[in-house]
Amino acid sequence: MQTAASVTALPSPQATAPPADDTRTETAADLSAEVEAAVREAVSGTGGNAAVAVLDLTTGASTSAGTDGAEDHTFDTASIVKVDILAALLLRADDAGRSLTAQERRWAKAMIENSDNAAANALWDAIGGSQGLAKANSRLGLVETVPGEGAYWGLTRTTPDDQLRLLQAVFGEGSVLSEDARTYLGDLMGSVAADQDWGVSAAADDPGSAQLKNGWLARSGTGLWVTNSIGRVEVAGHTLLLAVLCDGQRTQATGIAVVEKLAVAASGPFTDE
């Protein structure tokens, strides 16, 4: 997984690290080691795969870490892909020089705030399904995400690093999304239903201020749970983007606990003075 000490956008997996004599390299290495140690302690004894990626918008520092093998693992998105779907819709509308229709706004609100699947189905069709999402992702900078086939948007495969790239497109600078589109999407993520405000919000000083989207899914073949959370939080004067993904959990509650432990553990080194 990637580590960078000063960035405006996450590098692609093929990007080279800063020169060895750059003082940023040591800082990045130290931060990465601290995050990795905190993450491994938080999920010690936990089964399945779990990984997290963090970007500090205040300092530009970023890193990612996970359980053994998680760096080579892709995760089902479950409902976190709904942020991606709406971003794709907003790009299409902007390309056409139009605003979202009243019906699209109703679907978008239900899809993000209440994680409504019927609304997601409608907007998945509106963006052109998997092909439409793939086209949008190439513009959003996602390089490790494979859209689900047919109607199975929830089986889109992704990585924490790519979800961080998506969050940058929503909350960072230099995005292909317009300022109005980013504000609209961010506001919806800040208004999720009360029973869905778990996840990365656990790391926030004020959990109610977090802007997030969660995803959860029990795989039919194994009965094991996918539990994910992505979003923006304020922690000790720092604005952090967090993407936490896990799978192979026996229950949804166990998955939520893992996600929240990871969010807290990974954010700590970014705010330690």
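**Group meeting: a walk through the model**

A236 sits in the loop between strand 6, residues 225-235, and strand 7, residues 238-249. Keep in mind that this is a predicted model. I start with A236 for its backbone. Its phi is positive, about 50°, although A236 is not a glycine. Most residues other than glycine have a negative phi. So is A236 buried, partly exposed or exposed? At 45% relative accessibility, A236 counts as partly exposed, because the class runs from 20% to 50%.

Now a second residue with a positive phi. S115 is not a glycine either, and its phi is near 55°. S115 belongs to the loop between helix 3, residues 102-113, and helix 4. What about its surroundings? S115 has a relative accessible area of 9%. That is under the 20% cut-off, so S115 is buried. To put the two side by side: A236 is partly exposed, and S115 is buried.

Next, the hairpin. Strand 1 covers residues 49-56, and it runs antiparallel to strand 2. How many bridges join them? There are 5. One position to look at is V52, which stands opposite A65 in strand 2. Between the two strands lie 5 residues. In that turn, G60 has a positive phi of about 90°.

Stay with strand 2, residues 62-66. Of its 5 residues, 5 are buried, so strand 2 is largely enclosed by the rest of the structure. Go face by face. On one side you have S62, S64 and G66, and on the other T63 and A65. Both faces are covered.

Take T63 from that strand. T63 has a relative accessible area of 2%, so it is buried. Which residue far along the chain comes up with T63? It is A266, 203 residues away in sequence, with the two C-alpha atoms separated by 9.0 Å.

A266 takes us to helix 8. A266 is among the buried residues of this helix. Others include G255, I256, V258, V259, L262 and F270. Helix 8 has 20 residues, 252-271. Here is a quick geometry check. At 1.5 Å a residue, helix 8 should span 28 Å. Its end C-alpha atoms are 29 Å apart, which agrees.

Here is another long-range pair. I80 is in the loop between strand 3, residues 75-76, and helix 2, residues 81-95. With 0% relative accessibility, I80 counts as buried. Its partner is K213, 133 residues apart from I80 along the chain. The C-alpha atoms of I80 and K213 are separated by 5.6 Å.

On to the largest pocket. How much space lies in it? About 290 Å³. The lining has 16 residues. Nearest the pocket centre are N117, W153, G154, L155 and L217. Two elements give two or more residues to that lining: helix 4, residues 117-126, and strand 5, residues 211-218. Which one gives the most? Strand 5, with 3 residues.

Last, the rings. A search of the whole structure turns up 1 aromatic pair. There is also a charge over a ring: R105 lies over the face of Y184, at 4.6 Å from the ring centre.

To recap. Strand 2 is buried on both faces. T63 and A266 link up a stretch of 203 residues, at 9.0 Å between C-alpha atoms. The largest pocket holds about 290 Å³. Two residues other than glycine carry a positive phi in this talk: S115 and A236.

Key: Residues are numbered from 1 along each chain as its sequence is written. This is a predicted model: local features need pLDDT of at least 70, side-chain atom pairs count only at pLDDT 80 or more; totals for chains, interfaces and linings use all residues. Side-chain values use heavy atoms; hydrogens and water are left out. Helices (H or I, at least four residues) and strands (E, at least two) are DSSP runs, numbered from the N terminus. The expected span of a helix is 1.5 Å times one less than its number of residues. Buried means under 20% relative accessible area, exposed over 50%, partly exposed in between (1.4 Å probe, protein chains only). Rings of Phe, Tyr and Trp (its six-membered ring) pair if their centres lie within 6.5 Å; planes under 30 degrees apart count as stacked, over 60 as edge-to-face and the rest as tilted. A charge sits over a ring if NZ of Lys or CZ of Arg is within 6 Å of the ring centre and within 35 degrees of the ring normal. Two strands pair if DSSP finds at least two bridges between them. On a 1 Å grid over the protein atoms alone, a cavity is a set of points where a 1.4 Å probe fits but cannot get out, and a pocket is an open set with protein on both sides within 12 Å along at least five of seven lines; lining residues have an atom within 4 Å of a point. Grid points are joined across faces, edges and corners, and a volume is the space filled by probe spheres set on the points.
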